[in-house]
Structures are given as C-alpha cells and as structure tokens.
Amino acid sequence: MDNIVKQDDVAVVIAPLHLQSHLRQLLHFACRISSYGLPVYYLGSASSNCQVRQHSTTLNPSDIAKIHFHDLQITTQDPPLDIPMHIWYASMRSREPIASFLRDISSKARRVVVIHDLLMSYNVQDISSIPNGESYVFHCLPIFDMYCSHYAAVAGLPIPLEEEILKKLPSNDGCYNPEDVMHHSKYLSQCMGMNAGDIFNTSQVIEGTAFIDSMAHIACMQNKKLWALGPIFHTQEDHKIENKHPCLDWLNKQPPKSVLYVSFGTSTSFSAEQIKEIAIGLELSKHKFIWVFRHADKGDPVTNKCEQNRTGVLELPEGFEERVKGVGLVVREWAPQQEILAHSSTGGFMSHCGWTSCLESIIASVPIAAWPIQFDQPKNGFLVTEILKIGLHVRLWEKRDELVTASTIQNIVRKLMSSKEGDMMRKIAQELSKAVRRSTEKGGVSRMELESFVAHITR
C-alpha cells in the first residue's frame, strides 16, 4: 500500500465503474470528501486511473494530489473504455484485488467507508465481512429516473406528475438490452441490502422535493439513509486551468452564445447513415458548432459493432470539414466538455442526455437539444425538456428507431440557437444555474446534505 492511515482515521475508499462519466463523477466526489480532511483512496485499473486524472481538467491539481490512487492488479488486459458491457466484464475481475485492499486497510483505520458505483456492488461485497467496514452506493443518475424506471414501474408506486405531463413520460422500452439486464441482475441480486445508504449526484433545486422525499421514505423503510448532495462538479472558476485544449482557443474567437456543442458521450454509437444526416444538418443550419466525433459514435448502440469502410475508419461526408471550416470544428476523440460548456461562446448543447452531461449543462446554463439513446437518458431528456424547460427534443423516444433527417437537425439547431424559444430556455437555464450554485455554497441545501453525509461516516 502506498500510504498509511492513522488508527483513529476513517478511511474512505472509492470504487467507480470504469466508464468515463462514472470515473469523473466519483473523482470529483473523492475530492469533495477529501476536502474535509479524510484520507481517500480511489481504486481502478492503471489505465482508468491515468485517464481520469488527465480528463478531470476542471479539478485543481492540488486537490487531485490529495487522492491516493490505487492501481488494481487485474490479470487480463483492460478492454476499451467506451464499450459498457466489456467494462462490466472487466470489473467482474476486480473483486479479489479490491477485497485484498479492503482487508489491508481495515487493519489500519477505525472505520473503512466504501463508496461505490451500483454496478460495482458485486466487486465490493466483501466489505460486509469486515467488522469496521460499511458501504454506500453512489448513483450516477438522477432520482427521477431511479424512481420512475424502477420503483414506479416495478412496484407500481404513483409518479407525482400532472396527468398531461405524465402522458409524455418515456417508457422503459428500448432503454436497456434485456440480456444485459439479466446478466447484471444475476450478480447484483447477491449483494442487495448490503449497503448502508444511497448517494445521488443531484439536488432538490434540480428535481424538487417530491421524488427525493419518496425515495428517502423507501430508503428509511429499508433501514438505509439517502443523500441528494449534488452536483459535485467543480467549476473552472475554482482554479486556473493549464494546458488548455486547442478547441478552447477556437471558442475564444467566436461571439457570445453563438456555438452549438455536439457530443453524444463515450458509449453512444450511430450508424454511418445517421452520422451523414447529422453532418448535413449541421452544415445546412449555418450555425457555428463544435462536434466531438469519436470512436463511440461509429457503430450500433445495441451490438457495439463498429461500421467501417475498407480503410477501417468511418468517415464524415466527403469535403465536409473543408466546407464548414471557420464555422464548425470537428474534434476527434476526447474533448474538455465541462470547459466547453462553461465557455461564454457556447450557447447550446446537442446531447445524448447522460446525467453527467445534463449536470454540466445545467451548471453552465446551456440549454439542451435532447437526443437520448439508451439507459437513463430518455428520462433525463424528459426531465430537461418537460419539467425543467431548458431543452427541446431532437426526436421523441417512441420514434427512436427512425432516422433523424438532416432537415430535422437543421431546424432543431436553428430553434435552439436563434429563436425566441431558445432565448427563453437560456434565460431559464441561467436562473437554474444560479440556484444550483447557491445550493452548493455554505448554508445551501446540497452543501448541508454533503456535510450530513460526512458527519454520518465520521460519527
């Protein structure tokens, strides 16, 4: 072990799923916990630990330096980080090295607190056999999705929404691959009830009290606790960012609120035909844009099989980048999303509505063109568009199998970026952002939730 804790310390161990958005959320949370003077250990493969440090550009390097990164010795080679099921299979091999780490550190600390991703429950289950250990699930999704998709759908609990809005709520159909759900359930069912509570990276300011109170009541009935203490992301104002990405220099030259940021996360895939329609739609819109076009965009979202041409690379339409030069910028592979959204030149976000992206957009007061693909994204998109009123639909969930045409994309971009409706969304988003930021400051509801959690684990 690369450091020693004092016997009277509470040691906090973070066990994230090795997926980029989950890695970042939990590293930001690790830094929040560390700021209270607690020793924090972050467990991951060598490659994921390296990557999350490089990509968490809005965190202060001095805060990251306080985190004790532990590289798990996983016997076989790590899979690509942008294919969810492969990540799941890789994580299944981490139970024994995590158990070994927990046994070691438990002999050196008064209490060991494990904070883990839900899909890491199987791998951290040995904490239940450690007398001075306890665990908490960190949910990288909103309470709204958890309640509607699971408790309301499975247990038949009422959804506290007006009838007209409730009619528009996306179904669970198509959100998850049934085989994946069965596989996850097989292992997670062995670990249910072992954790002492649930942490959500969300806030009363974002979701209101009805869903949070309902989930807190459910947790209480299970003799557990629940904290809604988000958003936990640091903003770029917290410190001076070094080694800025070249796309930020391009943004510096653009007018305020003029650029549409287009990104569909690290686990979303599109067909070659859909990518062509996106490209043509962006070009026809005549609006400035940054499009993060990376490996995960190049295939099928269910099978994760990439479509390739004979050179092995799926390309944009011929001449596209040359034609949009000066208007649009294509960024391949990783881009500093949080910094792009926070930039004064960014005025809109075309997004898959992963919860990390939604939170970062809310914090930056940037409205969303919602294009959910899978998982919790349809409910997140509904929350953004129908409840918070800071976004619009690219296409409705019941039409998810239809090709979104270039003309549709063109119209959506223009509506978001240069219409009275888009301006109103930006105004609402700005007010929400202010309220969210206040909630994380001293005396704010999210800050008090965080302090409540820290007080609980150090009791």
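## Close-up views of a predicted model

**View 1. Lys286 sits in the loop between helix 12 (272–285) and strand 9 (288–293).** The model shown in this and every other view is predicted. Lys286 has a positive phi of about 65°. Lys286 is not a glycine. Its relative accessibility is 65%, so Lys286 counts as exposed. The cut-off for that word is over 50%.

**View 2. Ser365 also has a positive phi.** The value for Ser365 is near 55°, and Ser365 is a residue other than glycine. Ser365 belongs to the loop between helix 15 (355–363) and strand 12 (368–370). Is Ser365 buried or exposed? Ser365 counts as buried, because its relative accessibility is 12%. Buried here means under 20%. For contrast, Lys286 in View 1 counts as exposed.

**View 3. A cis peptide bond joins Gly230 and Pro231.** Omega of this bond is about -5°. Pro231 falls in the loop between strand 7 (225–228) and helix 11 (246–252).

**View 4. Strand 8 (residues 259–263) is largely enclosed by the rest of the structure.** Why is strand 8 described as largely enclosed? Five of its five residues are buried, so the rest of the structure largely encloses it. Both faces of strand 8 are covered. Val259, Tyr261 and Ser263 are buried on one side. Leu260 and Val262 are buried on the other.

**View 5. Strand 8 pairs with strand 9 and with strand 11 (residues 346–351).** Take strand 9. Strand 8 pairs with strand 9 in the parallel sense, over four bridges. Leu260 faces Phe289 of strand 9 across this pairing. The chain gets from strand 8 to strand 9 by way of helix 12. This β-α-β crossover is right-handed. Now take strand 11. How many bridges join strand 8 to strand 11? There are five, and these two strands run parallel. Here Val262 stands opposite Met350. Leu260 and Val262 lie on one side of strand 8, and both are buried.

**View 6. Gln410 is buried within helix 17 (residues 406–417).** The relative accessibility of Gln410 is 15%, so it counts as buried. Which residues does Gln410 touch, not counting those up to four places away in sequence? Gln410 touches Gly281, Leu284 and Ser285. Helix 12 (272–285) precedes the loop that holds Lys286, shown in View 1.

**View 7. The side chain of His456 makes a polar contact with the side chain of Tyr136.** The distance is 3.1 Å. His456 is part of helix 19 (residues 445–457). At 17% relative accessibility, His456 counts as buried. Setting aside neighbours within four places in sequence, His456 is in contact with Tyr136, Lys225 and Trp227.

**View 8. Asp126 and Arg95 form one of the salt bridges in the structure.** The structure holds 13 salt bridges. In this one, the closest N and O atoms of Asp126 and Arg95 are 2.9 Å apart. The pair links distant parts of the chain, 31 residues apart. Asp126 is in the loop between strand 4 (111–117) and strand 5 (133–139). Arg95 is in helix 5 (residues 95–106). Arg95 has a relative accessible area of 27%, so it is partly exposed.

**View 9. Lys167 forms a salt bridge with Glu164.** The closest N and O atoms of this pair are 3.2 Å apart. Are the two partners buried or exposed? Lys167 and Glu164 are both exposed.

**View 10. Glu321 forms a salt bridge with Arg332.** The closest N and O atoms are 3.0 Å apart. Glu321 lies in helix 13 (residues 320–323) and Arg332 in strand 10 (residues 328–332), so the salt bridge ties together parts that are eleven residues apart in sequence. Glu321 is partly exposed, because its relative accessible area is 37%. Arg332 is partly exposed too, with a relative accessible area of 43%.

**View 11. Salt bridges that share partners build a network.** Which residues do they join? The network joins Arg111, Glu134 and Arg459.

Notes:
Residues are numbered from 1 along each chain as its sequence is written. This is a predicted model: local features need pLDDT of at least 70, side-chain atom pairs count only at pLDDT 80 or more; totals for chains, interfaces and linings use all residues. Side-chain values use heavy atoms; hydrogens and water are left out. Buried means under 20% relative accessible area, exposed over 50%, partly exposed in between (1.4 Å probe, protein chains only). Contact means heavy atoms within 4.5 Å. A polar contact is a pair of N or O atoms within 3.5 Å; within protein, one must be able to donate a hydrogen and the other to accept it, and residues adjacent in sequence count only if both atoms are side-chain atoms. A salt bridge is a side-chain nitrogen of Lys or Arg within 4 Å of a carboxyl oxygen of Asp or Glu. Two strands pair if DSSP finds at least two bridges between them. A crossover is right-handed if, with the strands pointing away from the viewer, the path from the first strand over the helix to the second runs clockwise.
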